[in-house]
Structure formats: structure tokens, C-alpha cells
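Trainee: Could you take me closely through one helix of this model, and then show me how the rest of the chain is arranged around it? I would like a connected account that I can follow residue by residue.

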Amino acid sequence: MPFGVLVVGIVGASLARLQPRGLARTLFAMAVTLALIAALLPSGAPPYMARNMVIGHVILVVLFTASGLLFRRASLAGLKG
């Protein structure tokens, strides 16, 4: 399942042709995909392990979203300049 996030990233980056606007959308899609995986994937792990997995997923979702916002800002700066 987590490899699906990488597939979304690779396919999105190739379709975006490495342009900032498309990469921003790709990173937002990766964040949503990772959040859905974390929410829908049932975990039979012990509580402490499940908590650590949730924390890890939240950190990655925040990082993907922040990167998407930076790419969005770069695409908007490119339109103005």
C-alpha cells in the first residue's frame, strides 16, 4: 500500500513534466493518498506501534503538503515574473 504513494508521485511528476504547478498538485495528491492509506488501513498492531505509525504518517502528510505549497508558490512567482 505505501508504494502506491510513490507510484502517485512518479506518475504525477512524469505527467507534470517537472513543472512547479503540476508538481504542487502531485504532492497534494500524494498527501491525500497517504492520509487515506493511514485512515483506511486497519492495523492489528499493538497500541504503541499504531500510535507511532499514525505519528509517522501525519509527519509525512505535513511534509508533502508543505512541499506542495512551496511548489505552488514557485509556480505563482513564475507567472508574475
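Mentor: Let us take helix H2, which has 21 residues and should therefore span 30 Å at 1.5 Å a residue; its end C-alpha atoms are indeed 30 Å apart, in agreement with that expectation. Please keep in mind throughout that this is a predicted model.

The helix runs over residues 20–40, and its buried residues are Gly 22, Leu 23, Ala 24, Thr 26, Leu 27, Met 30, Ala 31, Leu 34 and Ile 37. The cover over these buried residues includes H1 and H3, and so it is worth looking at each of these neighbours in turn, with the relative accessible area in mind, since a residue is called buried when that value is under 20%.

The largest nonpolar core consists of seven residues, namely Val 5, Leu 27, Met 30, Ala 31, Leu 34, Ile 37 and Phe 64. H2 supplies the largest share of this core, with five residues. Val 5 is a good place from which to trace the packing: leaving out residues up to four places away in sequence, Val 5 touches Met 30, Thr 33, Leu 34, Ile 37 and Phe 64. Met 30, Leu 34, Ile 37 and Phe 64 are, like Val 5, members of the core.

On the side of helix H1, which covers residues 3–16, Phe 3 is also part of the helix, but Phe 3 counts as exposed because its relative accessible area is 65%, and exposed means over 50%. The C-alpha atoms of Phe 3 and Leu 34 are 9.8 Å apart, although the two residues are separated by 31 residues along the chain.

The loop between H1 and H2 contains Arg 17 and Leu 18, and the backbone of both deserves a careful look. Arg 17 has a phi near 55°, which is a positive value in a residue other than glycine, and Leu 18, again not a glycine, has a positive phi of about 60°. Both side chains belong to exposed residues: Arg 17 has a relative accessible area of 69% and is therefore exposed, while Leu 18, at 62%, is exposed as well.

The other neighbour is helix H3, which comprises residues 47–80. Its 34 residues reach 49 Å from the first C-alpha to the last, close to the 50 Å expected at 1.5 Å a residue. The buried residues of H3 are Phe 64, Gly 68 and Ser 75, and they pack against H1 and H2. Phe 64 has already appeared as a member of the core and as a contact of Val 5. Ser 75, which lies in H3, counts as buried because its relative accessibility is 15%; apart from its neighbours within four places in sequence, Ser 75 is in contact with Pro 20 and Arg 21, and these contacts bring us back to H2, which begins at residue 20.

Elsewhere, Ile 55, Ile 59, Leu 60 and Leu 63 make a nonpolar surface patch of about 360 Å². Ile 55 is a residue of H3, and it counts as partly exposed because its relative accessibility is 44%, a value between the limits of under 20% for buried and over 50% for exposed.

Notes
Residues are numbered from 1 along each chain as its sequence is written. This is a predicted model: local features need pLDDT of at least 70, side-chain atom pairs count only at pLDDT 80 or more; totals for chains, interfaces and linings use all residues. Side-chain values use heavy atoms; hydrogens and water are left out. Patches are made of residues with over 30% relative accessible area and no salt bridge: like charges are joined within 9 Å, nonpolar side chains (Val, Leu, Ile, Met, Phe, Trp, Tyr) within 5 Å. Accessible areas come from the Shrake-Rupley method with a 1.4 Å probe; for residues, only the protein chains shown count as cover. A salt bridge is a side-chain nitrogen of Lys or Arg within 4 Å of a carboxyl oxygen of Asp or Glu. Helices (H or I, at least four residues) and strands (E, at least two) are DSSP runs, numbered from the N terminus. Buried means under 20% relative accessible area, exposed over 50%, partly exposed in between (1.4 Å probe, protein chains only). Contact means heavy atoms within 4.5 Å. The expected span of a helix is 1.5 Å times one less than its number of residues. A nonpolar core is a set of buried Ala, Val, Leu, Ile, Met, Phe, Trp, Tyr and Cys residues joined through side-chain atoms within 4.5 Å.
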